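Open the model in your viewer and keep the selection tool at hand. We will walk through it stop by stop.

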Amino acid sequence: MHADAVVLDIDGVLVDVADSYRRAIVESVDRLHGRTVDRGDVQSFKDAGGFNNDWELTYAAALYVLADERMSLSLSAFTDRIAERGGGLSAAEDVVSDHLSPADREAVREAWDTDALRETFQALYLGSDLFRELEGHEPPFEATGYINDEPVIVEHETLDHLTSHYRTGVLTGRPVAEADIALARSRFSVPANHRFTMDDWAEGKPHPHALTTLAERLEADSVVFVGDTLDDVRTAVNAAAADDSRTYRGVGVLTGGLTGEAGRDKYETAGAAAVVDSVNDLPDLLTPADE
């Protein structure tokens, strides 16, 4: 696969977030509501699309837990209906509204506190000291921080090869401060104008704006975007549709929530140009465009 630029996601690509972000989603809902979704259910929300922001995924999971006893939908049916409505938090709210009486909708809304969910999520994920530093106030409780439980996936040799042969960038749904921490841990240095974080654009993945802008900044004719969700692949597909002056290809990795043959099939259905076991397989997959 020829390319002159490689853009990498962070979560599930550079670092493993199964015991950090995804754990924080599940446990935030449990702390506030006394019950929660399973860890495996997090992937159902991701597959539905529109949940590049893990805070919003947490809100949607809490919404389901609060509405579950009042509506006759399994979680898989709930996320299927979210996907049918285009994905994301607003679609989740629409599904709940469609399946509840006015009185039940009001009861769920009163119990649904997204500010408290975000505070809980950040306290669990960052830990107390980093919460104080980044959030600027006291955490709701003391915690050690799941951010410390993010094993680095990408090998130094892989990054050395990619940065030596291709122009490189980063496209992530993380806030910039949390992106900086993961990039430093991965030993991946990326100029600020060669990366997009949550703080840099409103639409989020799978909207193509960030990827097409990075392609322009990298002066690339052919771009490979590597991610661990279907929305990452859809971002490359959408970029190709939006910008016919360049070639965009999405590559899925099996080190995030999508694994095995089932994960491979989902990626391919979404339009992936290739699926690899991990980011460390990229050097064997890619060839510089000028060769």
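The tour goes from confidence to domains, then to the contact between them and two backbone details.

**Before you start.** This is a predicted model, in which local features need pLDDT of at least 70, side-chain atom pairs count only at pLDDT 80 or more, and totals for chains, interfaces and linings use all residues. Residues are numbered from 1 along each chain as its sequence is written, and side-chain values use heavy atoms, with hydrogens and water left out.

**Stop 1: colour by confidence.** Use pLDDT, the predictor's confidence in each residue, from 0 to 100. The chain has a mean of 95, and 100% of its residues reach 70 or more. Now select strand β2 (residues 5-8), where confidence is highest at 98, and then strand β8 (residues 287-288), where it is lowest at a mean of 88. Helices (H or I, at least four residues) and strands (E, at least two) are DSSP runs, numbered from the N terminus.

**Stop 2: the two domains.** Give 5-16 + 152-285 one colour for domain 1, and 18-147 another for domain 2. These bounds come from an automatic or database domain assignment. Between the C-alpha centres of the two domains you should find 25 Å.

**Stop 3: where they meet.** Select the residues in contact (heavy atoms within 4.5 Å): 19 from domain 1 and 19 from domain 2. About 1,400 Å² is buried between the domains, with carbon and sulfur atoms giving 48%. On the domain 1 side, show D16, E178 and M198, which lose the most area to domain 2 and together make up 28% of what that side buries. Buried area here is the accessible area (1.4 Å probe) that two parts lose on being put together, summed over both.

**Stop 4: the salt bridge.** How many salt bridges are counted between domain 1 and domain 2? The count is one. Show the side chains of D47 and K266, which meet in a salt bridge at 2.8 Å, N to O; the term requires a side-chain nitrogen of Lys or Arg within 4 Å of a carboxyl oxygen of Asp or Glu.

**Stop 5: two backbone details.** Go to the loop between β4 (195-196) and α11 (209-217) and pick out P206. The peptide bond from K205 to P206 is cis, with omega near 15 degrees. Finish at R187, in the loop between α10 and β4. Though not a glycine, R187 has a positive phi, near 60 degrees.
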